[in-house]
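Thanks, everyone, for making time this morning. I would like to walk you through one model, beginning with the overall picture and then turning to a few local details.

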Amino acid sequence: MASPAETLKARIRADLTIAMKAHDMSGGAVHPAPHEYAVRKYAAPLHRALDGATYWPAAPSRLMLWGAIALSKFRQRLARVAMIALIPALLAGCGINNIPTKEERAKAQWAEVQNQYQRRSDLIPNLVETVKGYAAQEKGVLVEVTQARASATQVKVDASTITDPAKFAQYSQAQDKLSGVLGRLMMIQENYPDLKSNQNFLALQSQLEGTENRITIARRDYNESVRDYNLEFKLFPNSIWALAHQGSKPMQMFSASASAQSAPSVSFAPTTPPVAPGSAPPK
């Protein structure tokens with residue numbers, strides 16, 4: 001049930017609307033001004049309903065009535081502002097910002113992966129030149145390393161790579177191939193004591209090992225970020241907000257290379273020593 005103040009307020013609005021229409025239609029002949037009509041008619045009832053005081057013998061001034069109307073409008077505007085400020089907070093609490101937030105985090109980890117792969121690529125030319133000075137006869141391995149590096153750097157990488165399965169697989173396979181031939185190159189040192197003790201080679205070897213460790217960590221962190229991001233497209237109710245982010249797509253993850261998944265083969269067969277040119281084969 002409406003309170004006396006609310007009932008009176010509704011009557012004031014209705015009568016004031018009628019008075020304003022009559023004032024406009026008569027050109028000011030019916031009432032000098034609508035607010036004066038409202039003041040004369042509702043001064044005492046408004047006083048009693050709102051304050052509970054004794055009868056107000058004198059009509060209040062226009063300023064007092066305007067103040068009451070202005071206060072009511074101010075409250076309505078304040079309620080609208082509060083609602084406008086509350087809506088973003090409610091949406092944020094519902095998870096609408098989860099997808100773009102986790103997407104940016106995954107992209108940052110992807111940039112770190114690219115940074116570490118580039119660091120490794122920059123070390124390879126000096127490493128190849130150092131090995132060539134001591135083991136020129138290992139030309140086949142040196143050529144493989146150079147070609148693998150060239151293939152890895154020629155793969156086009158852009159913002160769509162991590163959401164395109166074909167492009168991502170091409171990039172990952174090129175880097176895995178380079179890792180494999182680099183491993184064979186580093187094993188050459190066991191056959192060349194002078195290379196193994198060379199200070200330049202040792203420094204490059206240490207830098208390369210550190211970079212490989214950083215690559216492993218960067219790939220792991222990237223996979224974790226992508227896994228967390230991709231779950232937003234599968235879990236309810238977060239999957240609903242995917243409709244509000246049409247440009248966001250699930251990302252690809254790094255997987256272990258085939259060589260890392262296969263067990264190493266061990267052979268106990270005796271090795272045949274190399275045969276010098278012009279000598280008889282061993283019996």
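I will start with the fold as a whole, then take one helix, and finish with a single residue.

Please keep in mind throughout that this is a predicted model, and that the values I quote are computed from it. The protein contains nine helices and zero strands, so that reading from the N terminus the order of elements is simply α-α-α-α-α-α-α-α-α. Of the 283 residues in the protein, 30% are buried, and the accessible surface amounts to about 18600 Å², with carbon and sulfur atoms contributing 59% of that area. If we take the contacts with a separation of 6 or more, 70% of them join residues that are 24 or more positions apart.

Let me turn to helix H8, which covers residues 199-231. Its 33 residues, at 1.5 Å a residue, should span 48 Å, and the C-alpha atoms at its ends are 48 Å apart, which agrees with that expectation. At the start of H8, a side-chain oxygen of Asn198 comes within 3.0 Å of the backbone nitrogen of Asn200.

Now for the single residue, Ala152, which sits in helix H5, residues 139-154. Is Ala152 buried or exposed? Its relative accessibility is 7%, and because buried means under 20%, Ala152 counts as buried. As for its surroundings, once neighbours within four places in sequence are set aside, Ala152 is in contact with Ala174, Gln175 and Leu178. Gln173, which is 21 residues from Ala152 in sequence, lies 8.6 Å from Ala152 in space, C-alpha to C-alpha.

Note on methods:
Residues are numbered from 1 along each chain as its sequence is written. This is a predicted model: local features need pLDDT of at least 70, side-chain atom pairs count only at pLDDT 80 or more; totals for chains, interfaces and linings use all residues. Side-chain values use heavy atoms; hydrogens and water are left out. Helices (H or I, at least four residues) and strands (E, at least two) are DSSP runs, numbered from the N terminus. Buried means under 20% relative accessible area, exposed over 50%, partly exposed in between (1.4 Å probe, protein chains only). Contact means heavy atoms within 4.5 Å. Accessible areas come from the Shrake-Rupley method with a 1.4 Å probe; for residues, only the protein chains shown count as cover. The expected span of a helix is 1.5 Å times one less than its number of residues. A polar contact is a pair of N or O atoms within 3.5 Å; within protein, one must be able to donate a hydrogen and the other to accept it, and residues adjacent in sequence count only if both atoms are side-chain atoms.
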